[in-house]
Amino acid sequence: MKFVIEHLTKHFEKKEVLHDINFTFEEGKIYGLLGRNGAGKTTLFNCLNRDIKKDSGRFYLELDGTLRESVPEDIGYVLSTPTVPEFLTGREFLKFFLEINERSVQSTKSIDEYFEYMKIAPDDRDKLLKDYSHGMKNKMQMLINIIAQPNILLLDEPLTSLDVVVAEEMKQLLRSLKRGRITIFSTHIMDLALDLCDEIVLLSHGELEEVEKSDLDSHAFKEKIIAALREDGYE
Ligand SMILES: Nc1ncnc2c1ncn2[C@@H]1O[C@H](COP(=O)(O)OP(=O)(O)OP(=O)(O)O)[C@@H](O)[C@H]1O
């Protein structure tokens with residue numbers, strides 16, 4: 001499977017944020033998306049998830065040589081600010097999600113097994129989501145996206161609010177989930193990107209560009225990324 005973006009462009013009024021993006025993502029890889037503040041990472045994700053309208057361009061999946069438009073079920077999107085129905089308990093939310101997606105989702109675990117899997121303590125499972133911490137809400141959002149098994153998983157700085165232990169567990173989880181799908185992960189934490197991701201992609205001047213690692217050691221690779229990103233700023 002490949003996910004192909006062609007000529008994707010997005011303006012906000014006069015400001016061009018995405019400039020004729022052409023890029024092909026490949027199955028089985030985690031892509032680290034890096035870019036300066038305001039470079040357009042969230043805008044890119046919002047366009048790909050069809051939360052906002054693109055100006056032009058298209059994106060599609062290539063599966064066994066056939067092309068098709070991506071549909072909502074293809075994409076899972078974990079936002080940096082988790083959005084969960086605050087008036088439900090964790091258990092109610094998960095139950096509701098599994099029920100409404102009964103046909104499309106093959107649920108292999110019981111609700112408590114899912115909570116175990118995400119290391120959400122028994123005491124927290126029947127609490128209202130409004131009383132969950134930011135990191136716990138993030139875990140719930142990650143969980144429903146994992147259960148849905150999308151072809152493409154978009155993660156917008158999802159590990160930033162997690163404690164070091166949970167962040168490490170999430171990294172392991174994402175590594176274990178990468179087969180058979182495309183994972184695109186935006187972050188400002190370079191070490192995390194280098195540790196977790198198979199490829200580093202920069203969003204710079206409104207375009208996507210893969211950073212070749214070739215035979216650079218990790219220090220030289222970091223320097224190369226910072227130099228490229230610096231060009232996209234004001235200094
Ligand atoms: N709804 C909107 N209306 C107008 N301008 C917007 C809107 N959303 C984003 N922008 C602008 O588009 C540009 C890209 O924003 P975006 O949030 O995509 O960047 P980002 O790379 O995710 O930034 P950060 O790393 O700081 O989170 C910014 O200049 C921002 O002000």
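This is a short tour of a predicted model, with a list of things to select and what you will find at each stop.

**Stop 1: the annotated stretch**

Start by selecting residues 3-230. An unreviewed UniProt entry lists them as "domain: ABC transporter". Colour by secondary structure, and over this stretch you get 33% helix and 28% strand. Now pick the C-alpha atoms at its two ends: they sit 28 Å apart.

**Stop 2: around the ligand**

Next, select the ligand and bring up its surroundings. Which residues surround the ligand? Click through Phe12, Lys15, Val17, Gly35, Asn37 and Gly38, then carry on with Ala39, Gly40, Lys41, Thr42 and Thr43. Two elements each give two or more residues to this shell: β2 (15-26) and α1 (41-48). The biggest contribution is from α1, with 3 residues. Try colouring the shell by residue type: you should end up with 3 nonpolar, 6 polar and 2 charged residues.

**Stop 3: the nonpolar core**

Hide the ligand and head for the largest nonpolar core, a group of 51 residues. As background, nonpolar side chains in soluble globular proteins tend to be buried together. Which members touch the most others? Select Tyr31, Leu33, Leu48, Leu154, Ile184, Phe185 and Cys197. Helix α4 (residues 134-148) supplies the largest share of the core, 5 residues.

Zoom in on Ile184. Ignoring neighbours within four places in sequence, Ile184 is in contact with Phe25, Tyr31, Leu33 and Leu154.

Leu33 is a good next click. You'll find Leu33 in strand β3 (residues 30-34). Is Leu33 buried or exposed? Leu33 counts as buried because 24 other C-beta atoms lie within 10 Å, and the cut-off for buried is 20 or more. Again setting aside neighbours within four places, the contacts of Leu33 are Lys41, Ile184, Phe185, Ser186, Val201 and Leu203. You met Lys41 earlier, in the shell around the ligand. For a long jump along the chain, add Leu208: it is 175 residues away from Leu33 in sequence, yet their C-alpha atoms are separated by 8.8 Å.

**Stop 4: a helix with two sides**

Now select helix α2 (residues 90-100) and look down its axis. The buried residues here are Gly90, Phe93, Leu94 and Phe97. Why do they end up on the same side of α2? They cover an arc of only 95° around the axis, so they share one side of the helix. An α-helix has 3.6 residues a turn, so residues three or four places apart point the same way. Spin the view to the other side of α2, and there Glu99 and Ile100 are exposed. To see what the buried residues of α2 pack against, switch on α3 (111-117) and α4.

Stay in this area and pick Val84, in the loop between β6 (75-78) and α2. Val84 is partly exposed, with 17 other C-beta atoms within 10 Å. Leaving out neighbours within four places in sequence, Val84 is in contact with Phe93, Leu129, Lys137, Met140 and Gln141. Phe93 is one of the buried residues of α2 you just selected. Then try a pair spread out in space: Val84 and Glu199 are 30 Å apart, C-alpha to C-alpha, and 115 residues apart in sequence.

**Stop 5: two positive phi angles**

Check the backbone angles of Asp20 and Glu157. Asp20 has a positive phi of about 50° although it is not a glycine. Asp20 belongs to strand β2 and is partly exposed, with 13 other C-beta atoms within 10 Å.

Glu157, also not a glycine, has a positive phi of about 45°. Where is Glu157? Look in the loop between β7 (152-156) and α5 (164-177). Glu157 is buried, with 20 other C-beta atoms within 10 Å. Beyond neighbours within four places in sequence, Glu157 is in contact with Ser80, Ser186, Thr187 and His188. Pro82 is 75 residues from Glu157 in sequence and 11 Å from it in space, C-alpha to C-alpha.

**Stop 6: Leu192**

Finish in helix α6 (residues 190-196), where Leu192 lies. Leu192 is partly exposed, with 17 other C-beta atoms within 10 Å. Not counting residues up to four places away, Leu192 touches Leu159 and Thr187. You've already seen Thr187, among the contacts of Glu157. For a last distance, select Leu192 and Glu168: they are 24 residues apart along the chain, with their C-alpha atoms separated by 9.9 Å.

Conventions
Residues are numbered from 1 along each chain as its sequence is written. This is a predicted model: local features need pLDDT of at least 70, side-chain atom pairs count only at pLDDT 80 or more; totals for chains, interfaces and linings use all residues. UniProt positions are given in the numbering used here, feature names are shortened, and annotations may be inferred rather than shown by experiment. Helices (H or I, at least four residues) and strands (E, at least two) are DSSP runs, numbered from the N terminus. A residue is near a molecule or strand if its C-beta atom, placed from the backbone, lies within 6 Å of it. Ala, Val, Leu, Ile, Met, Phe, Trp, Tyr, Cys and Pro count as nonpolar, Asp, Glu, Lys and Arg as charged, and the others, Gly among them, as polar. A nonpolar core is a set of buried Ala, Val, Leu, Ile, Met, Phe, Trp, Tyr and Cys residues joined through C-beta atoms within 7 Å. A residue is buried if 20 or more other C-beta atoms lie within 10 Å of its own, exposed if 12 or fewer, and partly exposed in between; C-beta atoms are placed from the backbone. Two residues are in contact if their C-beta atoms, placed from the backbone, lie within 7 Å. The arc is that of the directions from the helix axis to the C-beta atoms.
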